[in-house]
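Colleague: I am new to this structure and would like a close look at one part of it, with its surroundings explained along the way.

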Amino acid sequence: MSILFVLMLINVIATISANDLFQQLTKPLFVPVFLIYFLLRNKQIKISILAFLLFSFIGDFTSVFTYNLMLVNISSLAYCLSYSFLIIAVATRIKKLELDKVISSYLVFVFLINAYLLYTLFDVIKYYIPDSIEVSLFGIKSATLIALAFVSFVDYLNSETKVSIQFLIMVLCFVFSDVLNYISTYYLYNSSFVMLDRVLHLLGLFFLFSYVLERNKAKKELNVKAAFFLPKKLKNLH
């Protein structure tokens, strides 16, 4: 929590200072700082989460160079890949899907609303994006985010556990952060939007690492229980 507070404070100071270079350099710090802190506490991390962090860092770092269209495209592509690995991470959690017809209909309804909202945003912003490749990547990234939000919501309704709630909150933070980023970059620049975008991105990373820690904790508890009950079963067999 202290790491989150310090990074948020740096982000606020960077926004208030109105120093473009300082503002741009703060975002690439988010992933490395959280990752170092995490590895000092717990060394277990899934490959899909590690891949998300790698591509997320590439996206954060290349997004600094807004004057270079190729690097902007690389940034968008890296974010697309990072969100794809999050979809893999949450999809592997869904072992058995148990949803009734009412909940299934509700999910489809929510999915369609989100798809329509992002399509509306895409329809507005595409006129402000100068590069056709970036327009395509925006569409792909939006579709990936919708899919991620949908699968996370399915996982939450299917299990309703603490880790599924943490994952869903994390995804929502990334979705709103991404929307604000595009609005402030291509439509209407506002320092408050930029600051909120960074804060939401930070919160998303915070909930991601909270999710991983909670998953690792649950695995350790299962291993301890298995180690405790297995010797008893072996004794009973003898």
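Which pattern does the chain follow when read along the sequence, and which residues of the largest nonpolar core touch the most other members?

Modeller: This is a predicted model, in which local features need pLDDT of at least 70 and side-chain atom pairs count only at pLDDT 80 or more, while totals for chains, interfaces and linings use all residues. Residues are numbered from 1 along each chain as its sequence is written, and side-chain values use heavy atoms, leaving out hydrogens and water.

Read along the sequence, the pattern is α-α-α-α-α-α-α-α-α, which comes to 9 helices and 0 strands (DSSP runs of H or I with at least four residues for helices, and of E with at least two for strands, numbered from the N terminus). Of the chain's 238 residues, 39% are buried, that is, under 20% relative accessible area with a 1.4 Å probe, counting protein chains only, whereas exposed is over 50% and partly exposed lies in between.

The largest nonpolar core (buried Ala, Val, Leu, Ile, Met, Phe, Trp, Tyr and Cys residues joined through side-chain atoms within 4.5 Å) has 30 residues, of which Ile49, Phe52, Leu53, Tyr83, Leu86, Phe167 and Leu205 touch the most other members. Two or more residues each come from helices H3 (30-41), H4 (47-62), H5 (69-91), H7 (132-159), H8 and H9 (191-237), and H9 gives the most, with 7 residues. Leaving aside residues up to four places away in sequence, Leu205 touches Phe30, Val31, Phe34, Phe52, Leu53 and Phe174, where contact means heavy atoms within 4.5 Å. A second, separate core of 10 residues includes Ile129, Phe138, Ile183 and Tyr186.
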